[in-house]
Amino acid sequence: MTAGASASARRRLRRLARRPTGWALAVGLVAGAAEAQVSVSLTAQSDYLLRGVSLSDGRPTLTLDVNYDDKSGFYGALSATAVDTRNAGAEVLGFVADAGYAKRLTNGLTWDVGVTDSQISTYVDNRYVANYAEAYGGLSRGGLAAHLYFSPDYLGESVQTLYLDLSGSIRPADRWRLFAHAGLLAVVGGDADVLGGRDHLDFRAGVARQFGRFEARITGSWAEPAPVYPEGVRHGHGTLVAGASVFF
């Protein structure tokens, strides 16, 4: 694996670790050419989580991901997600766009900066709009990564937030992958009461198995305190999410 290919693969892993879809494109992307490339995957999940909050109301989703990586270090990604709602049937949950730049240093560290824009709705008793944007920066090395995100209007709730994301993965055997994540969300401006009035912790860990161009995974998630979103809708502390992806 060339230095450029390794940095490119890590950028993809970091972006997918942050998204509610999880590590959907990790398999098959750890060895790529040091040229600009486009990768596509389709992922089905039993739930769609954002930092411990189910945006799909515990319902199954289908996500199409398209990623672009340039040998210069610039990258971009776009995903579209559909959800099987309880009352209205299939609906578009939303779109997530991501753009940034990454650079691998001589000591093996990779730093990256970027912006992400999420245009998402959540369907409970009614449709709630949860659009928001974030700027981020961080460091990664091997299977470990740390990133900090800032949102000027998190979930469209007129609050400013910082989110610390720590993630890691290992491959204990051929075609097997173990992964874990810990996150801290802090309100740094606006009315904190709209998000429960305190900092939020979320944890995620799981196992994945590759089958050729397919990957199956199961992920356990936990949030503290139990999330409340939208206002008045309380979620459980933890849940299990099953998912499967196919890579094109």
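This passage walks through the overall build of the chain and then its salt bridges.

The structure is a predicted model. Its chain contains 1 helix and 15 strands. Among the 248 residues, 47% count as buried. The chain exposes about 11100 Å², and 63% of this area is supplied by carbon and sulfur atoms. Of the contacts with a separation of 6 or more, 51% come from residues 24 or more positions apart.

A search of the whole structure turned up 5 salt bridges. A good place to begin is the bridge between the side chains of Glu134 and Arg51, with an N to O distance of 3.0 Å. This pair links distant parts of the chain, 83 residues apart: Glu134 belongs to strand 9 (residues 132-141), while Arg51 sits in the loop between strand 2 (49-50) and strand 3 (53-54). Both Glu134 and Arg51 are buried.

A further salt bridge brings together the side chains of Asp57 and Arg86, at 2.7 Å from N to O. Asp57 lies in the loop between strand 3 and strand 4 (61-69), and Arg86 in the loop between strand 5 (74-85) and strand 6 (89-104), so this bridge ties together parts that are 29 residues apart in sequence. Arg86 has a relative accessibility of 53%, and exposed means over 50%, so Arg86 counts as exposed.

Next comes the bridge between Arg217 and Glu215, whose closest N and O atoms are 2.6 Å apart. Arg217 and Glu215 are both buried. The picture widens here to a third residue: Arg177, Glu215 and Arg217 are joined into one network by salt bridges that share partners.

Notes. Residues numbered from 1 in each chain as written. Predicted model: local features only at pLDDT ≥ 70, side-chain atom pairs only at ≥ 80, totals over all residues. Heavy atoms only, no water. Helix = DSSP H or I, 4+ residues; strand = E, 2+ residues; numbered from the N terminus. Buried < 20%, exposed > 50% of the residue type's maximum accessible area, 1.4 Å probe, protein only. Contact = heavy atoms within 4.5 Å. Areas by Shrake-Rupley, 256 points an atom, 1.4 Å probe, with all protein chains shown as cover. Salt bridge = Lys/Arg side-chain N within 4 Å of Asp/Glu carboxyl O.
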